[in-house]
Every structure is written in C-alpha cells, then in structure tokens.
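Me: Hi! I have a model open and would like to talk it through with you.

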Amino acid sequence: MYASRDPDARSSRVRWVLLALAAAAAGAFILRIASVAEPLGIDQSLWASAVRGMSRGQLLYRDVWEQRPPGIYLIYLAGFRVYGWTPATVAWLDIFASAATVVLLYAIVRHDLLEAGRVVR
C-alpha cells in the first residue's frame, strides 16, 4: 500500500479511523454498563471489605490486611464516600478507570506519533 500525498485524503482517512475508534469505545462502554448490576468479584469484595474497615477507623496494614498498594483502597474509599456503599459504585469506578486509561493511551500515542511526524495535526 502506498502513502497518499493528498493531504485531504490523508485527513479523511484519519477522521474515519478516529470515528471507528470512537464507535468501538462507545460500544465497549455500552457493553460494560451491564456490570453495574452484577455482584462484586472476589478481588473487588476483598478491597471493598478492607475499605469498609478503613471507613470505621481501622488502619490499612495494621488492622486491615491485604497485600496490595494503598492506591486501590484510597480510590475505593473516595468512591464509596461520594457515590455510596453499593456494588454499583465499584462497577462505575472500573468504568471510569477504563475510560481514563483509553484517553491517556490515546494522548500518549498521538503525542509520540506527532513528534515522529506521522499524524496530521
């Protein structure tokens, strides 16, 4: 396949690729929303249980033990305080984390490709 020298054709291809990626992301989001009604998984239950203890004054790694770094517990704690103590909170936190990861990866790849001169601005 040869590279087109026509900037309009290249820009049009980039738009179609971005549109296809946006449609795929929207589809994945719609499929993931069903997890809001599902019960917590094993790991999620352990993390939520540890956070429940933390919310009652227990200290992580002293009173409540789980072998993960503290970030997941702090995120769960903030999420539960903002959205309430329901399994749906954990599902929404997972969905938000997935979306944030996609946006961050897109930004990193776009930045790297722009520096390499392979993406039309």
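Below is a chat about this predicted model.

Me: Let's start with the basics. How many helices and strands are there in the chain?

Reply: Happy to help! The chain has 4 helices and 0 strands, and from the N terminus on the elements run α-α-α-α.

Me: And what share of the 121 residues is buried?

Reply: Buried residues account for 20% of the 121 residues in the chain.

Me: It's a predicted model, so what is the average pLDDT of the chain?

Reply: The average is 83, and 88% of the residues score at least 70.

Me: Where in the chain is confidence lowest, and where is it highest?

Reply: The lowest is α1, with a mean of 77, while helix α3 (residues 71–83) is the highest at 94.

Me: Let's stay with α3, then. What span should its 13 residues have, and how far apart are its end C-alpha atoms?

Reply: At 1.5 Å a residue, the 13 residues of α3 should span 18 Å, and the end C-alpha atoms are indeed 18 Å apart, so the two agree.

Me: Which residues of α3 are buried?

Reply: Those are Y73, Y76, L77, G79 and F80. They cover an arc of only 165° around the axis, which puts them on the same side of α3.

Me: Remind me, why do residues three or four places apart in an α-helix point the same way?

Reply: An α-helix has 3.6 residues a turn, so residues at that spacing point the same way.

Me: And which exposed residues are on the face of α3 turned away from the buried side?

Reply: That face carries L74, R81 and V82, which are exposed.

Me: What about I75, how accessible is it?

Reply: I75, which is also found in helix α3, has a relative accessible area of 48% and is partly exposed. The C-alpha atoms of I75 and V51 are 9.5 Å apart in space, with the two residues 24 apart in sequence.

Me: Now to α4. How many residues does it have, and how far does it reach?

Reply: Helix α4 (residues 87–116) has 30 residues. From its first C-alpha to its last it reaches 44 Å, close to the 44 Å expected at 1.5 Å a residue.

Me: Which residues in α4 are buried?

Reply: In α4, the buried ones are A88, T89, V90, A91, L93 and I95.

Me: Switching to charges: how many salt bridges does the structure hold?

Reply: It holds 1 salt bridge. R62 pairs with D63 there, and the closest N and O atoms are 2.9 Å apart.

Me: Are R62 and D63 buried or exposed?

Reply: R62 is exposed, with a relative accessible area of 61%. D63 counts as partly exposed, at 38% relative accessibility.

Me: Y61 caught my eye as well. What is its phi?

Reply: Phi of Y61 is near 75°, which is a positive value in a residue other than glycine. Most residues other than glycine have a negative phi.

Me: Where does Y61 lie?

Reply: Y61 lies in the loop between α2 (42–55) and α3. At 35% relative accessibility, Y61 counts as partly exposed.

Me: One last thing, about the surface. Which residues make the nonpolar patch of about 370 Å²?

Reply: V17, L18, L21 and Y106 make that patch.

Me: Which helix gives the largest share of it?

Reply: Helix α1 (residues 7–33) does, with 3 residues. V17 is found in helix α1.

Me: Great, thanks for going through it with me!

Conventions
Residues numbered from 1 in each chain as written. Predicted model: local features only at pLDDT ≥ 70, side-chain atom pairs only at ≥ 80, totals over all residues. Heavy atoms only, no water. Patch = residues over 30% accessible without salt bridge, like charges linked within 9 Å, V, L, I, M, F, W, Y side chains within 5 Å. Areas by Shrake-Rupley, 256 points an atom, 1.4 Å probe, with all protein chains shown as cover. Salt bridge = Lys/Arg side-chain N within 4 Å of Asp/Glu carboxyl O. Helix = DSSP H or I, 4+ residues; strand = E, 2+ residues; numbered from the N terminus. Expected span 1.5 Å × (residues − 1). Buried < 20%, exposed > 50% of the residue type's maximum accessible area, 1.4 Å probe, protein only. pLDDT = per-residue confidence, 0-100. Arc of directions from axis to C-beta.
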